[in-house]
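Biologist: Could you take me through the salt bridges in this model, one pair at a time? I'd like a close look at who pairs with whom and how buried the partners are.

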Amino acid sequence: MVPVSGPTTGDVMGAPCWLNLSAHDLEAAQRFYGAVLGWTFRRGALGDAYVVGDRDGVPVGGITAVAVEPAVPVAWTVFFAVEDADAAVARIRERGGTVGVGPMAYPPRGRAALATDLEGAVFGVWEGRLISRWHVGERQAPAWLELHTRNAFDAAVFYGGVLRWADGSPGGSEVSYEHDGVVLRRDGEPVARLDSGPVESASSRPQLRPRWLVRFRVRDLAAARAAVEAHGGSVVPGGEWAGVRPSEGDEERRVVVRDPEGALFTVEEEG
């Protein structure tokens, strides 16, 4: 997961600490994301099946090659920093979440687990070393992380308990309730939002399922959109909530897309 040395998860406990894409065709994914987001790639510490995407020399996210099986979803996953992966997994189960994978060791960097929350949104936890230059909201992507869920306040109780948000621990994150949602901050800076909306766990439209939305910044939205279509992806109509929720008024600055293997994400024009 995390490919290089740096600070530990104890330094940013509970905060988003990495993004990872599972893909069947690693080479095709590099071509697509390089063209759309302007990333360059380098091999990570986990072997030939893993690469790190950089923008302007800053790491943005990882791409892992997975087996070509229908049971292995192609998707972007956000990982949160925890001090102890075993303890975090226990807290997930205690609060009604489901642990799908792990904790698994990735020596010498750390340990990871994949889980789903009460509504079925997938997320990961990571214990170990971090990429020191990775941070949500910098000029380089990722621009923003947002949970689409049925009830943001219920979700905040779940994630707050699992990730020890706002429990007063040194290095912990801060939570505030704003505009019918929940905002997570790190050192006073917003890094994620939990938002209530019309989700459907069994919907045939992925946008309507509970999920962590990943937004990436691009310098030219029109060029990024053209690159999506030129490299086998597609623009998804209806916006981030599949058109069933009123627009935020900034649809001209962002667009939801699907990569060639089906992973959803949003591109947002810098401004």
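Modeller: Here is a walk through the charged pairs, starting with a network and moving on to single pairs. Keep in mind that this is a predicted model. The count comes to 16 salt bridges, and I'll pick out some of them.

Let's begin with Arg55, which sits in strand β3, residues 50-55. Arg55 is part of a salt-bridge network together with Asp56, Arg219 and Glu270. With a relative accessibility of 2%, Arg55 falls under the 20% cut-off, so it counts as buried. The side chain of Arg55 also has a polar atom 3.1 Å from the backbone oxygen of Arg217.

Next along is Asp54, which makes a salt bridge with Arg42, with 2.8 Å between the closest N and O atoms. This one ties together distant parts of the chain, as Arg42 belongs to strand β2 (residues 40-43) and Asp54 to strand β3, twelve residues apart. Asp54 is buried at 10% relative accessibility, while Arg42 is partly exposed at 30%.

Then there's Arg111 with Asp86, a salt bridge at 3.0 Å, N to O. Here a strand meets a helix: Arg111 is in β7 (residues 110-116) and Asp86 in α2 (residues 85-94), with their positions 25 residues apart in the chain. Both partners are partly exposed, Arg111 at 23% and Asp86 at 43%.

Last, Glu94 and Arg95 pair up through their side chains at 3.5 Å, N to O. Glu94 has a relative accessible area of 61%, which is over 50%, so it counts as exposed. Arg95, at 33%, is partly exposed.

Technical notes
Residues are numbered from 1 along each chain as its sequence is written. This is a predicted model: local features need pLDDT of at least 70, side-chain atom pairs count only at pLDDT 80 or more; totals for chains, interfaces and linings use all residues. Side-chain values use heavy atoms; hydrogens and water are left out. Helices (H or I, at least four residues) and strands (E, at least two) are DSSP runs, numbered from the N terminus. Buried means under 20% relative accessible area, exposed over 50%, partly exposed in between (1.4 Å probe, protein chains only). A polar contact is a pair of N or O atoms within 3.5 Å; within protein, one must be able to donate a hydrogen and the other to accept it, and residues adjacent in sequence count only if both atoms are side-chain atoms. A salt bridge is a side-chain nitrogen of Lys or Arg within 4 Å of a carboxyl oxygen of Asp or Glu.
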